[in-house]
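Work through the following exercises with the coordinates open. Each task is followed by a solution in steps.

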Amino acid sequence: MSDNIESTLTETRHFAPSAEFTENARLKPADLEALHQKAEADYEGFWCDLAREKIDWQTEFTQGLDESKAPHYQWFADGRMNVSYNCIDRHLEVRGNKTAIVFEAENGDTRHLTYRDLYNEVGKLANALKGMGVVKGDRVIIYMPMNAEAVIAMQACARIGAIHSVVFGGFSADALRDRVVDSGSKVVITADGGERGGKVVGLKANVDKALDSNPGDVEKVVVCKRAGNDVTMHADRDVWWEDAVDGESVDCEPEWVEAEHPLFLLYTSGSTGKPKGIQHSSAGYLLGAIVTNEWVFDLQGDDVYWCTADVGWITGHTYVAYGPLAVGATQVVYEGTPTVPDAGRWWKMCQDHGVTVFYTAPTAIRALMKAGPDLPKQYDLSKLRLLGTVGEPINPEAWMWYYTTVGEERCPIVDTWWQTETGANMIAPIPGATTLVPGSCTQALPGIAADVVDEDGKSLGADEGGYLVIKKPWPHMLRTVWGDDQRYKDTYWPKFGGKYYLAGDSARRDSEGNFWIMGRIDDVLNVSGHRMGTMEVESALVAHKAVAEAAVVGRPHDVKGEAIVAFVILQGDRLTGDEAEEMVKELRNWVADQIGPIAKPDDIRFADGLPKTRSGKIMRRLLRSIAKGEEITSDTSTLENEAVIPQLQGKA
Ligand code: WT7
């Protein structure tokens, strides 16, 4: 185990749910206790009962958990259903005219879509995709701004059994090409452009760049008209969304798929190699999305929910595109930056749309706290009743601001630990039942066997740091890494006899049993709540012709969580002065082109060499200390090239 797992955080403040909140909550302490007891007593039966209760099946399942292909676990395998049917059709009779999505653009334009509208739009696009020859199991890339059409595109794929893979609109053409190729996608759904901070991002232009050498198998590109920027349409390949759906029927019979049919792939970073296509199932995944939206977000009939995540991340899948719709909620979708026209934009939107449940990331909370600590007070936030966070541990200072200034000391905060791979919240408070402790994601949800263990898989005692594991398969877990079963096994089941899911985080539990996440155990950065492999950024850097070698580490950053620091060895002589500054600019833009702006190193330093042991291993721990500006106290004499240390420190 690495040595960075000691936690200095000793938080003692406790916040029990108010009697009023508990009174109106879906789950009261006794309900939560009953769920835990049931999961303890009959684990498989617990999940099967929920699957029968929460999902509308076309063919009921008779099998619960199937372990015969472990660690490729299967759930409800002989049942058939359709995710889009469960998110839309089943609501039509009772709440067809209820608003499903309130969409607001950065310029303030607002549009309401009811469940009936959603049915119509999804049906038309689904029929159009079928007309293009897309059949069950085909892959479709969705590269869109954060608008209602992105959700419609995902639902349309689900409706016909096509497997979507959403690529975050902030990713570059190169990153898009990798995902197009790895997934073997047949269709790309995109927009002319997206608007952020008043600027137009040329999404279609990136698609053209990604596809110009005809990599992979893309036959059609569907282009949604959004920003109105000029685009080049390629005859035969490209079609405007509005032309594609023109004349299509709104009715599209759902494709009834097996429970295990892949609903989507979502690429995520690991410590080594290229991004992994995390593959999720249909029924098990949907079940996780439903129960967590009910248990953790307490979504009820008249709630207005707003999860600020982009559909390019898992949070935008489970808590925007699927979960809230499956439970029949009204939700807000916003395309734009939180600081236009100022850092009060989100609070104004909460007021204007009467948001009751709000879910965002610590990095956003910190940024808005810095930019406008008193701005929430300018708006009427009295409808808010529950707040959530995800992506990284939230520091107590940000927690307290969120609680006091945004939530007016009335709203519980659910700090939700989970991952792209886990599909839905895993460790999180139940707002009407759990006592909150700032900085802790508190307790595992019912039916989730989370624990902290040592190298041998033995459960650790109070406040002992170790590996965070999940000891039993759960319905919404990933099924594999797309096209690479071996990587799935090697990454998630390498220890403990292959019996426990290894999350890759270190954690401890305190004497009350609350979980505290302490960080990653691998070389994965967490920048603004998003995982990024150090390897990916290093590969991007060395792909530049001037770069010979690069090492990338994270450094704590008060808004982004972690900042990226790159140590670069150039071909030829080390640069200094203006030349160095120019090169830094060039490399930052280069990385943005290769991966996307979020991967731009914050700090690039040049040296004649990297600190290596005599056996040639890069000393990352030393680089991390240097990046933080810490004094180097450890003995560096075993280093092959001690002289580079002052260069790396920026002192020579
Ligand atoms: C990693 C997963 C799940 C959606 C967002 C990120 C970190 C996530 C928390 C939390 C402490 C957290 C972990 C995890 N993380 N939520 N509440 N407290 N750390 O998804 O990109 O798959 O990253 O984010 O390190 O392993 P992701």
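The exercises cover the ligand site, the nonpolar cores, one helix and three single residues.

This is a predicted model, in which local features need pLDDT of at least 70, side-chain atom pairs count only at pLDDT 80 or more, and totals for chains, interfaces and linings use all residues. Residues are numbered from 1 along each chain as its sequence is written, and side-chain values use heavy atoms, with hydrogens and water left out.

**Exercise 1. The ligand site**

Task: Describe the shell of residues around the ligand and find polar side-chain atoms close to ligand oxygens.

Solution.
- Step 1. Collect the residues near the ligand, where near means that a heavy atom lies within 4 Å. The shell has 18 residues, and the closest are Asp415, Thr416, Thr420, Asp505 and Arg531.
- Step 2. Sort the shell by class, with Ala, Val, Leu, Ile, Met, Phe, Trp, Tyr, Cys and Pro as nonpolar, Asp, Glu, Lys and Arg as charged, and the others, Gly among them, as polar. This gives six nonpolar, seven polar and five charged residues.
- Step 3. Check the distances to ligand oxygen atoms. A polar side-chain atom of Asp505 lies 2.8 Å from one, Arg520 has such an atom at 2.9 Å from an oxygen, and Arg531 has one at 2.8 Å from an oxygen.
- Step 4. Compute the cover, using Shrake-Rupley accessible areas with a 1.4 Å probe. Of the 550 Å² accessible on the ligand alone, the protein covers 96%.
- Step 5. Map the shell to DSSP runs (helices H or I, at least four residues; strands E, at least two; numbered from the N terminus). Two or more shell residues come from each of helix H11 (314-326), strand S20 (413-416) and strand S25 (515-520).

**Exercise 2. The nonpolar cores**

Task: Identify the largest nonpolar core and a second, separate one.

Solution.
- Step 1. Join buried Ala, Val, Leu, Ile, Met, Phe, Trp, Tyr and Cys residues through side-chain atoms within 4.5 Å. Buried means under 20% relative accessible area, exposed over 50%, and partly exposed in between (1.4 Å probe, protein chains only).
- Step 2. The largest core has 166 residues, and Phe76, Leu129, Ile189, Trp241 and Val568 have the most contacts inside it. Helix H6 (residues 148-160) gives the largest share, 10 residues.
- Step 3. Inspect Trp241, taking contact as heavy atoms within 4.5 Å. Beyond four places in sequence, Trp241 touches residues including Leu125, Met144, Ile152, Ile189 and Val222.
- Step 4. The second core has 32 residues, among them Val102, Ala343, Met369 and Leu381.

**Exercise 3. A helix**

Task: Decide why helix H8 (residues 203-211) counts as largely enclosed.

Solution.
- Step 1. List the buried residues of H8: Leu203, Lys204, Asn206, Val207, Asp208, Ala210 and Leu211.
- Step 2. Seven of the nine residues are buried, so H8 is largely enclosed by the rest of the structure.

**Exercise 4. Three single residues**

Task: Are Asn526, Gly312 and Asp374 buried, partly exposed or exposed?

Solution.
- Step 1. Asn526, in strand S26 (residues 524-527), counts as buried because its relative accessibility is 18%. Its side chain reaches the backbone oxygen of Gly391 at 2.8 Å.
- Step 2. Gly312, in the loop between strand S16 (304-307) and H11, is buried at 6% relative accessibility. Outside four places in sequence, Gly312 contacts Val166, Phe168 and Leu266.
- Step 3. Asp374, in the loop between helix H13 (362-371) and strand S19 (386-390), is partly exposed with a relative accessible area of 48%. Its C-alpha atom is 9.9 Å from that of Ala343, 31 residues apart along the chain.

Technical notes
A polar contact is a pair of N or O atoms within 3.5 Å; within protein, one must be able to donate a hydrogen and the other to accept it, and residues adjacent in sequence count only if both atoms are side-chain atoms.
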